[in-house]
Amino acid sequence: MFTPITSAVVHKQPESEVLFDTHPEISLDFARIKEKLLHGYDKPFLIIDSHIIRQKTRRFMAALPRVRPHYAVKANPDRRVLKTLMEEGAGFEIASIAELDLLLELGVPVKEIFYSNPMKSRAYLEYAATKGVEWYVLDSVEELRKIVSVKSDAKMYLRIDTPNIGSDWPLAGKFGTHLADINAIIEEAAKIKADLAGVTFHVGSQCRNPQNWRVGIERALRVFADMREMGLNPRLLNIGGGYPVRHLKPIPAIEIIADVINEAIAELSDEIQIIAEPGRYLVSDSAYFVCQVVGTAIRNGNRWMYWDAGMFGGMIEVTEGLTYEILTDRTGNCVPWSIAGPTCDSVDILMHDVMLPADIQEGDLIYIPNTGAYTTAYASNFNGFPLPDVDVI
Ligand SMILES: Cc1ncc(COP(=O)(O)O)c(C=O)c1O
């Protein structure tokens, strides 16, 4: 049976920063995890409360009434999660045709699906076009020509570069047309009479700086003006993902981000369709990730603990500095630990100097709240370790 849970918080925030965090507490009720564990533990699992996904979707829609959320399937492609979001009236954003098939199997109308991966293989494009996908992103002249050669009437949106300042998981660099290259793409679209009809950007995932959205929207509206000048007809503004969730660092509430966005889009005519692509925000708070300590060791005076799920088992986001709250049943004094996963790969080290109870032992369970996004979606069974289970309540 369980002793009351103790929270081993890794980093304490200064008082003033905590005030910035107006995100109301919302997390899966820990009693549900205890209930599940009454049946024993055999491997890592994610337990998801679909009611929380519903609440988060409604809250997002209430804060941004002009903006339709198109859930980023990559955050958590579990069918039950997707079905819940569909029932709540969300559209979807995909990165691959496997994600497209998943949505079509669930009965999502193809018009609701936007293909937002800026680099698509010709084979994937052909498949998506055959299935009736209408909207495709691009960020280069080459991708524009490729899309048009597959589907001459495709509606397309241009992904532009935007600041990722203050985002815990930056996404700038790999994608996003630089300001200097935008005109060449617009000119080519006008020349070949392609329907380049929108602009998008991504402020970086877990973005704690609302001003990134303001800058992105301002840039997008300038691109709209350039498009019009070249005879194009821009009619889609896609403000991407990035809306943050509570872990250890303070975050602005969605309503605070919405104030910035709503002001920036206030003058836009109703003819412009406005969408967003939230992933993390809609699903993260709904879940707990549970794993187990497989062993501990003292190495050169430092304490190490090894979990049965590491960076290959669902915890990869910590490797870019995302800090989770880590809970255990132990109540001992907190001391610094290094934490690693169970595989033989030396990159499978999650964190160093995490303050956790000194009496943690082999067999102890580890509970990590707000982990519905980018955990099981990333997991592989490298080295033969099993994929985590996903339970939806
Ligand atoms: C194109 C695109 N849209 C939306 C998202 C979702 O971002 P987030 O989960 O931070 O909201 C991502 C995440 O990588 C993305 O690549």
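**Note on the cavities, the largest pocket and the ligand**

1. Sorted by class, the residues lining the largest cavity are seven nonpolar, five polar and one charged. The model in which this cavity was found is a predicted one. The lining of the largest cavity numbers 13 residues, and the space inside comes to about 70 Å³. Nearest the centre of this cavity are Asp 308, Phe 312, Gly 313, Ser 380 and Phe 385.

2. How many cavities of 30 Å³ or more does a search of the whole structure find? The count is three. The second largest cavity holds about 40 Å³ of space. Its lining is made up of Asp 168, Gln 206, His 247, Leu 248, Lys 249, Leu 322 and Thr 323. By class, that lining divides into two nonpolar, three polar and two charged residues.

3. Pockets are a separate matter. The largest pocket has a volume of about 630 Å³. It is lined by 30 residues, and those closest to its centre are Lys 74, Arg 159, Leu 171, His 202 and Tyr 374. The lining of the largest pocket has 14 nonpolar residues, together with nine polar and seven charged ones.

4. Which domains supply the lining of the largest pocket? Domain 1 (6-47 + 284-392) and domain 2 (50-283) each contribute at least three residues to it.

5. Where does the ligand sit? Its place is the largest pocket. The ligand is surrounded by 15 residues, of which Ser 205, Gly 242, Glu 277, Arg 280 and Tyr 374 are the closest. This shell is made up of four nonpolar, six polar and five charged residues. Tyr 374 is thus listed twice, among the residues closest to the ligand and among those closest to the centre of the largest pocket.

6. Three polar contacts of the ligand can be checked in the model, and they involve Lys 74, Glu 277 and Arg 280. In the side chain of Glu 277, an N or O atom is 2.6 Å from a nitrogen atom of the ligand. With Lys 74, an N or O atom of the side chain is 3.4 Å from an oxygen atom of the ligand. Arg 280 takes part through its backbone, where an N or O atom lies 2.9 Å from a ligand oxygen atom. How much of the ligand does the protein bury? Taken alone, the ligand exposes 400 Å², and 91% of that is buried by the protein.

Conventions: Residues numbered from 1 in each chain as written. Predicted model: local features only at pLDDT ≥ 70, side-chain atom pairs only at ≥ 80, totals over all residues. Heavy atoms only, no water. Near = heavy atom within 4 Å. Polar contact = N/O pair within 3.5 Å; in protein donor to acceptor, adjacent residues only side chain to side chain. Areas by Shrake-Rupley, 256 points an atom, 1.4 Å probe, with all protein chains shown as cover. 1 Å grid on protein atoms, 1.4 Å probe; cavity = no way out; pocket = protein on both sides within 12 Å on 5 of 7 lines; lining within 4 Å. Sits in = over half its atoms within 2 Å of the grid points. Nonpolar A, V, L, I, M, F, W, Y, C, P; charged D, E, K, R; others polar. Points joined across faces, edges and corners; volume = space filled by probe spheres on them. Domains from an automatic or database assignment.
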